[in-house]
Amino acid sequence: MAGETIIAVVGNLTADPELRSTKNGRSVAGFTIASTPRTFDRQSNQWVDGDALFLRCTVWGDLAEHCARSLAKGMRVIAQGRLTQHSWEDEQHQKRSSMELQVDEIGPSLRYATAQVSKAQRGTAGAYGNPASMPAGYTGGATAAGASLPPSDPWGSPQGESSSFGDFGKPESEPEF
């Protein structure tokens, strides 16, 4: 929607995502990301932590299920979404408000960790096409030499074969010395 505040936040999960279902059966997960700025203090010659931002996050649908299966307390993540504000009046008639991130995209930060990614096989069609039309056992990425691959998969070239992505950064030919 126009006028929404889109932000990205990098931080650590304070707990495992909590997965629930609505009355209509739609999945929703909630979790909190703690983002703490660090600066280098030249006088003390040490890194100093600033005030932590604790941002409550909500994810819906398949993404909620993927978060519950993939993310855990302490993981460093990168989340992007729409910042929303909720306002209410408490029992003492004080006006209160809170901020929440409606997450559209999330993944592990690879700054201090590695990750194995596998494509989710759900439904009859998705972002990568119809899973039913994929070869049996296909999970994306490189496979053993000789295995059949979808013709449009630039990441799936068997090792040793050239592709537009498989040789990225590799010199055209070996330099002569």
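1. Strands here are DSSP runs of type E, at least two residues long, numbered from the N terminus. On that basis Ile33 sits in strand β3, which covers residues 27-35. The model is a predicted one.

2. Overall make-up. The protein chain carries one helix and eight strands. Read from the N terminus, the order is β-β-β-β-β-β-α-β-β. Of the 177 residues in the protein chain, 23% are buried. The accessible surface of the protein chain is about 13400 Å², and carbon and sulfur atoms hold 50% of that. Among contacts with a separation of 6 or more, residues 24 or more positions apart account for 50%.

3. Ile33. Is this residue of β3 buried or exposed? Ile33 has 0% relative accessibility, so it counts as buried, the limit being under 20%. Leaving aside residues up to four places away in sequence, Ile33 touches Val9, Gly11, Asn12 and Leu13. The same list includes Leu53, Phe54, Leu55 and Cys57, along with Val77 and Ala79. Val10 is 23 residues from Ile33 along the chain, and their C-alpha atoms are 7.9 Å apart.

4. Salt bridges. How many does a search of the whole structure find? The search returns three. Side chains of opposite charge can pair when their charged atoms come close. The three pairs are taken one by one below.

5. Asp49 and Arg38. Their side chains form a salt bridge at 2.7 Å, N to O. Asp49 belongs to strand β5 (residues 46-49) and Arg38 to strand β4 (residues 38-41), so the bridge ties together parts eleven residues apart in sequence. Arg38 has a relative accessibility of 52% and therefore counts as exposed, for which the cut-off is over 50%. Arg38 is also among the residues lining the second largest pocket, taken up in point 8.

6. Glu65 and Arg69. This salt bridge has an N to O distance of 3.4 Å. Both residues lie in helix α1 (residues 61-70), and because they are four residues apart, about one helical turn separates them. Which partner is buried and which is exposed? Glu65 is buried, at 15% relative accessibility. Arg69 is exposed, at 61%.

7. Asp104 and Arg82. The closest N and O atoms of this salt bridge are 2.9 Å apart. Asp104 is in strand β8 (residues 95-108) and Arg82 in strand β7 (residues 76-89), so the pair links distant parts of the chain, 22 residues apart. Asp104 is partly exposed, with 29% relative accessibility. Arg82 is partly exposed as well, with a relative accessible area of 24%.

8. The second largest pocket. How much space lies in it? The volume is about 220 Å³. Two elements, β1 (5-13) and β3, give two or more residues to its lining. The largest share, three residues, comes from β1. The lining includes Val10, Gly11 and Asn12, and also Ala34, Ser35 and Thr36. Arg38, Trp47, Arg76, Arg111 and Tyr112 line the pocket too.

9. Lining by class. The lining of the second largest pocket has four nonpolar, four polar and three charged residues. Arg38, Arg76 and Arg111 are in the lining, and Arg counts as charged.

10. Shared residues. Gly11 and Asn12 touch Ile33, and both also line the second largest pocket. Arg38 bridges to Asp49 and lines that pocket.

Methods
Residues are numbered from 1 along each chain as its sequence is written. This is a predicted model: local features need pLDDT of at least 70, side-chain atom pairs count only at pLDDT 80 or more; totals for chains, interfaces and linings use all residues. Side-chain values use heavy atoms; hydrogens and water are left out. A salt bridge is a side-chain nitrogen of Lys or Arg within 4 Å of a carboxyl oxygen of Asp or Glu. Buried means under 20% relative accessible area, exposed over 50%, partly exposed in between (1.4 Å probe, protein chains only). Contact means heavy atoms within 4.5 Å. Accessible areas come from the Shrake-Rupley method with a 1.4 Å probe; for residues, only the protein chains shown count as cover. On a 1 Å grid over the protein atoms alone, a cavity is a set of points where a 1.4 Å probe fits but cannot get out, and a pocket is an open set with protein on both sides within 12 Å along at least five of seven lines; lining residues have an atom within 4 Å of a point. Grid points are joined across faces, edges and corners, and a volume is the space filled by probe spheres set on the points.
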